[in-house]
Every structure is written in C-alpha cells, then in structure tokens.
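Hi,

Here is the structure I said I would pass on to you. Have a look at it first, and then read my notes underneath.

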Amino acid sequence: MPMSDDEIRKVLTDYDTELAKATAELRTRRAQRLQAALDSGRSQADIIRATGKSREAVRQFLDPAAADAAAAAKRNARAADRTT
C-alpha cells in the first residue's frame, strides 16, 4: 500500500525535529567554546573581528537559547508553508 500524504509529510517533520536536536547540541558546544575564549581574556569584539560575524550573530552564538528560538521560528514558518 502506498504511503499517505500525511506519512510523507511526517518524514519531513521528523527530519526537521531531528535536525533541530542535533543543531541545538552543536550550538551548545559552540557557545561553550566561545565562552572559553572570553574566559581566556578575549573580548566579544575580538570574536567578532576573528569570525567576521555580526555582533548579533556572536550574541546568538554565545546564547544558544536565543539561537534556538530564532531557528524554531524559521522551522515553524517552513512547516506552515508546507501545510498550505
């Protein structure tokens, strides 16, 4: 019996969920490593200069919850687009 449309959509939903979990773990590790740079005496401006990232990007790098919230909003918008 062929997969239903709902089953096919679930494949994408499951992928998004698993990707979000893996990404959250990576963000936490990145934050810890960048925090170690700050703890070693480097400044946030040093991180911005070294990475070429914006102040907002570095702020999110250092605060995984902020980065996760931004990613969740994007994920929810993509999911809403798929159901319409």
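**What I found**

The accessible surface of the protein comes to about 6,300 Å², and 56% of that belongs to carbon and sulfur atoms. Keep in mind that this is a predicted model.

Let's start with the overall build. The protein has four helices and zero strands, so reading from the N terminus you get α-α-α-α. The radius of gyration is 17 Å, while the globule rule gives 12 Å for 84 residues, so the protein is more spread out than a compact globule. You can also see this in the C-alpha trace, which spans about 60 × 20 × 20 Å along its principal axes.

What share of the 84 residues counts as buried? The answer is 17%. As for contacts, take those between residues at least 6 apart in sequence: 51% of them join residues at least 24 apart.

Next, the charges. The protein has 16 positive and 13 negative ones, and the mean positions of the two groups are 8 Å apart.

Finally, one residue to click on: Asp46. You'll find Asp46 in helix H2, which covers residues 44-51. Is Asp46 buried or exposed? Its relative accessibility is 16%, and because buried means under 20%, Asp46 counts as buried. While you're there, look at where its side chain goes: the side chain of Asp46 reaches the backbone nitrogen of Ser43 at 2.9 Å.

Cheers

Notes:
Residues are numbered from 1 along each chain as its sequence is written. This is a predicted model: local features need pLDDT of at least 70, side-chain atom pairs count only at pLDDT 80 or more; totals for chains, interfaces and linings use all residues. Side-chain values use heavy atoms; hydrogens and water are left out. Helices (H or I, at least four residues) and strands (E, at least two) are DSSP runs, numbered from the N terminus. The radius of gyration is taken over C-alpha atoms; the globule rule is 2.2 Å times the number of residues to the power 0.38. Buried means under 20% relative accessible area, exposed over 50%, partly exposed in between (1.4 Å probe, protein chains only). Contact means heavy atoms within 4.5 Å. Accessible areas come from the Shrake-Rupley method with a 1.4 Å probe; for residues, only the protein chains shown count as cover. Lys and Arg count as positive and Asp and Glu as negative; His and the chain ends are not counted. The place of a charge is taken as NZ of Lys, CZ of Arg, CG of Asp or CD of Glu. A polar contact is a pair of N or O atoms within 3.5 Å; within protein, one must be able to donate a hydrogen and the other to accept it, and residues adjacent in sequence count only if both atoms are side-chain atoms.
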